[in-house]
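This report covers how two chains meet, then turns to the fold of one of them and to its last helix. Please look at the model first.

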Amino acid sequence: MEKILVGLKRVVDYNVRVQVKSDRSGVETDGVKMSINPFDEIALEEALRIKERGDASEVVVISIGSAEAQQQLRTGLAMGADRAILVESGSSTDALTVARVFKSIIERENADLVILGKQAIDDDNSQTGQMLAALWGRPQATFASEVTFEGSTAKVTREVDSGMETLEIDLPAVITVDLRLNEPRYVKLPDIMKAKKKPLDTIPLADLDIEPAPQIKEIEFKPPEGRQRGIMVNDVAGLVAALKDKGLV
Amino acid sequence: MSKVLVIAEHDGESLNASTAKCVACAAQIDGADIEVVVLGTSVAGVAAEAAEISGVGRVVTIEREDNGPAIAAILAPQVAALADGYSHVFGPSTAFGKDLMPRVAALLGVNQISDIMSVDGSHSFKRPIYAGNAIVSVEAPADYTVVATVRIASYSAASGGNSAAIESADITVEIPTHTRFVELQTGTSDRPDLQAAARVIAGGRALGSEENFELIYKLADKIGAAIGSSRAAVDAGYVPPETQVGQTGQIIAPDLYIAIGISGAIQHITGIKDAGTIVAINKDEEAPIFEVSDIGLVGDLFSIVPELTDALG
């Protein structure tokens, strides 16, 4: 295939313990470390491996958001992507709009495959890939843990609740990736230097003529109700007694 | 007036418990009419089960050859066509529902609400974000269909005893052929299903090997428990991925959850915080799992677990 598009979302780093702002208007992101959504890194790694084994000729990374997402796109370029596109939007963007943006970019770029993370670890929505596939009228293979190609079809093994399901899909298609698909490579310093010279195009969201999506309003953010720390027991006999007390054994 | 369509999850033979949990969520909407749709090849048995769920006014069946193993690209256009006339379309936040529902939402031109944990009004809901580190109240626009997944760990299954009418629907839509089912490989264990089990025994990286997980299996079998695991244990190859509990695995709410050799990263805790009783066994007394456990025991799992297995039953 010719071209693979990969989405990279800028999110609060996996290791940050997120706090709700005191006025409950959102979560604290000022001064917090931001990274590529970990699932998106796996998506990019897979695209790069597909290209490196000769099954694709170009990998393009895309982010939709503020100008700061250029950092994540540069990291993607350093990992090995050929080009980057930033669709710049002022505010945070809902899943349906993001799916519409991807579809618009797919049409511009004539892409054969789109690989996305199965969910972003900020909103935990798990929607964009499925929505894009619907709008595009193409197959979706979500939660992928193994992907192989044969001509214009792909075989994708998916992690489902009861085990592993395999689908055969015709290209072009959307694949969303799960944790076990691969282990993303580390970026080396010379690659970071090289990435600075790779093309990164910015397109204002308004230039894409995207239909506005009905918005789900976020009214208020709260910290979760915590569980209380319970009792400690000293030995197995104490544990069994405590379980019996609660009528659990 | 709310009219909720719940998408039944099933394996062709029996109804998944997630369906009655979605109905329980839908029933929190004041005065809602609740209907369940069962899509499959031959669904009389599954539809009969759905008709028993308390609160269901009608069960709609859509039977066709293509509706064998559930494929989102095939089911979504049928659900979207049926959705006309409903104010809400709900599915479970399981692999099945997470795959299907956003595709339905996009076909209907709406954004989706993922993982409803409580209902504040017909268009107002609460849902977790950031691995459960924050809970956000959201409001869907009043003039659009609400498409949502239900965080099933937040709900107990609606009770049975009902006998709703069952009617078949004739939906004429174009069915794509670009996506084909090849196979489903399931574990061969006779143990209870992780989602449905009242008791879950979970092991973490501290088990150290696939062989050592035998300790977990023996304890689980002694008390009829399902097997869970942490991401670290799955990544290390000790247990299959479908056992993973947490933000990116399964979210569960058993009566009893015993975490063995699991330190308790926030991403894991988010998968168990609705459990009835959490027991933690860990050699590190500083492990974060103890901050959320009801009963904690510090010590060496390799001596504790066999002793516990002997002591129970």
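Two residues count as in contact if their C-beta atoms, placed from the backbone, lie within 7 Å. The model is predicted. By that criterion, 66 residues of chain A are in contact with 68 residues of chain B.

**The interface**

Which elements of chain A supply at least two residues each to the side that touches chain B? The helices are α3 (95-109), α4 (128-136) and α6 (236-245). The strands are β7 (140-150), β8 (153-160), β9 (163-170), β12 (217-222) and β13 (231-233). β9(A) gives the most, with 8 residues.

The side of chain A that touches chain B divides by class as follows.

| Class, side of chain A touching chain B | Count |
|---|---|
| Nonpolar | 34 residues |
| Polar | 12 residues |
| Charged | 20 residues |

β9(A) also pairs across the interface. It is joined by 7 bridges to strand β11 (residues 179-186) of chain B. The two strands run antiparallel. Within this pairing, A:E165 has B:L184 of β11(B) as its bridge partner.

**Chain B as a whole**

Chain B holds 8 helices and 16 strands. Its C-alpha trace spans about 60 × 40 × 40 Å along the principal axes. The radius of gyration of chain B is 21 Å; a compact globule of 313 residues would have one near 20 Å, so the two agree. Buried residues account for 58% of the 313 residues in chain B. Contacts in chain B often link distant parts of the sequence: of those between residues at least 6 apart, 66% join residues at least 24 apart.

**Helix α8 of chain B**

Helix α8 of chain B covers residues 301-311. Which of its residues are buried? They are B:L301, B:I304, B:V305 and B:L308. Seen down the helix axis, the buried residues of α8(B) fall within an arc of 95 degrees, so they line one face. The spacing fits a general rule: an α-helix has 3.6 residues a turn, so residues three or four places apart point the same way.

The face of α8(B) turned away from the buried side carries B:S303 and B:D310, which are exposed.

What do the buried residues of α8(B) pack against? Their partners in chain B are α5 (214-223), β14 (256-260), β15 (277-282) and β16 (295-298). They also pack against α6 of chain A. That helix, α6(A), is among the elements that supply at least two residues to the side of chain A touching chain B.

After α8(B) comes B:G313, with a positive phi near 80 degrees.

How values were computed. Residues numbered from 1 in each chain as written. Chains lettered and ligands numbered in written order. Predicted model: local features only at pLDDT ≥ 70, side-chain atom pairs only at ≥ 80, totals over all residues. Helix = DSSP H or I, 4+ residues; strand = E, 2+ residues; numbered from the N terminus. Nonpolar A, V, L, I, M, F, W, Y, C, P; charged D, E, K, R; others polar. Pairing = 2+ DSSP bridges. Rg over C-alpha atoms; globule rule 2.2 N^0.38 Å. Buried ≥ 20, exposed ≤ 12 C-beta atoms within 10 Å, placed from the backbone. Arc of directions from axis to C-beta.
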